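Subject: Structure for your review

Dear colleague,

Please find below the structure that I would like to hand over to you. My notes on it follow directly after.

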There are 2 protein chains.
Amino acid sequence: MTVSGRDELLQQRLGHRFQRPELLRRALTHRSYGAEHNERLEFLGDAVLSLAVSRLLFDRFGDSDEGDLTRVRAHLVREDSLHKAALQLHLPEVLRMSEGEAKGGGAQRASILADAMEAVIGAVYLDGGLEAAQGLVQQLFGEVITSTTAESWRKDAKTELQEWLQGRRLPVPSYRIVATRGQAHAQTFEVECAVPSLGKAQTGEGRSRRAAEQEAAQKMLALLQAEDGGRPGARD
Amino acid sequence: MTVSGRDELLQQRLGHRFQRPELLRRALTHRSYGAEHNERLEFLGDAVLSLAVSRLLFDRFGDSDEGDLTRVRAHLVREDSLHKAALQLHLPEVLRMSEGEAKGGGAQRASILADAMEAVIGAVYLDGGLEAAQGLVQQLFGEVITSTTAESWRKDAKTELQEWLQGRRLPVPSYRIVATRGQAHAQTFEVECAVPSLGKAQTGEGRSRRAAEQEAAQKMLALLQAEDGGRPGARD
């Protein structure tokens, strides 16, 4: 298929026809290919995605508190969600990168695809405004969002932390209430999540013990993943 | 002054007249005051702010790479910047909170004011769309952004890390190049920032040694602050 034929197909899949097709081309260009690469668009797209997802969640979960919404948002904007979306749009077929990068399997790397996905969202925003970008994000993540409940995501933080630790042959975390505040019917719980084998503890707050545990688990996970991501080569 | 007089003044300061004034009122209501509090608006406002600042930076710093833009953005959306903006708008005078919280000085707490500032940005977005919110963010942060250079922010990460450590009577960090990649004129440096007293190391990448050091320092700082923020009471 010709390049323009592929671009045409992609624009159909995106549900957006570009006024400035050079923006789309740039979004699909890895830095190994040349100076006109997609990293600045990725920076912008990251923020566009976050707002578009926030708006979808805000409208969908009218009863959920900020903590739940933040957790679901973090889940949706993670690399693996973006990677899946990139595959759904067949981005590996249209990415431009250096020969070396391509031979090394670059077009299949989750981090490269997730970055390109964000850049495409940024390009749609620059070309068609927030509404156009919102439409794309709705198309990519809308089904996941409408088919879920805030509770089902909340379950994930503790499970995910446990799996993360088990994957590294580390003991499971422990949880304990460190404080309760307020009156009987409006109590706030503060729970500590500890991973003694790593010498780390994080606390979370919530209207129930369960919610507080989930927040603490979420923070611990974020901390461990941040540290993990800082090691050379840990991301790929 | 009457409540409506104060609301009127605030809307003048915001440069936005609300179609739905209940959104503004909600944005100014701390959770201690009642069920109709501002936390969900804060969730939304956080993402609106991030996109609005990203767009300002994207347009202003046409030559800066993603790493620099991300660093400047992180700087601008921090609690202390939001706190300053809240004071500029005189938010302490219009915040609604429980008597207990008010007597405890809640209306002066940086975290409560920063959260309310985000909630107000979220309310303006819901009421008037992204353009209205973008206008407010431009008014609050535009001068800081236009009067600065990407380099001046970049300097901050290393300095800030050093100050953070010194504030805790810890030794300064050390930096060393762990890898260089690419050809002579297009090298990428990988630098490690180590804080042996805490048993921690983070790596950063950049087109120069200096840029890589800054990225490593930024990551280390984010890590240390995340751990610090996880401790009970550390935020206030």
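Please bear in mind that this is a predicted model.

I begin with a pair of helices from two chains. Helix H3 of chain A covers residues 39–60, and helix H7 of chain B covers residues 110–146. Their axes come within 14 Å and cross at roughly 150 degrees. Because an angle over 145 degrees counts as roughly antiparallel, H3(A) is roughly antiparallel to H7(B). The crossing of these two helices, H3(A) and H7(B), is left-handed. From H3(A), the residues Leu51(A), Arg55(A) and Phe58(A) meet Tyr125(B), Leu126(B) and Leu130(B) of H7(B). By character, the residues of this contact are 5 nonpolar, no polar and 1 charged.

The second finding concerns an annotated site. An unreviewed UniProt entry places the feature "binding site" at Glu42(A), Asp115(A) and Glu118(A). These residues span 77 residues in sequence, yet no two of their C-alpha atoms are more than 6.0 Å apart, so they gather at one spot.

Two of these residues deserve a closer look. Glu42(A) lies in helix H3 of chain A, while Asp115(A) lies in helix H7 of chain A, residues 110–146. Glu42(A) has a relative accessible area of 8% and is therefore buried. Asp115(A), at 19% relative accessibility, also counts as buried, because the cut-off is under 20%. Leaving aside residues up to four places away in sequence, Glu42(A) touches Asp115(A), Glu118(A), Ala119(A) and, from chain B, Glu66(B).

Yours sincerely,
A colleague

Notes: Residues are numbered from 1 along each chain as its sequence is written. Chains are lettered from A and ligands numbered from 1 in the order in which they are written. This is a predicted model: local features need pLDDT of at least 70, side-chain atom pairs count only at pLDDT 80 or more; totals for chains, interfaces and linings use all residues. Side-chain values use heavy atoms; hydrogens and water are left out. Axes are lines fitted to C-alpha atoms, for helices over the stretch in contact, and angles run from 0 to 180 degrees between N-to-C directions. Helices (H or I, at least four residues) and strands (E, at least two) are DSSP runs, numbered from the N terminus. Angles under 35 degrees count as roughly parallel, over 145 as roughly antiparallel, 65 to 115 as roughly perpendicular and the rest as oblique. A crossing is left-handed if the near helix is turned anticlockwise from the far one by less than a right angle, and right-handed if clockwise. Contact means heavy atoms within 4.5 Å. Ala, Val, Leu, Ile, Met, Phe, Trp, Tyr, Cys and Pro count as nonpolar, Asp, Glu, Lys and Arg as charged, and the others, Gly among them, as polar. UniProt positions are given in the numbering used here, feature names are shortened, and annotations may be inferred rather than shown by experiment. Buried means under 20% relative accessible area, exposed over 50%, partly exposed in between (1.4 Å probe, protein chains only).
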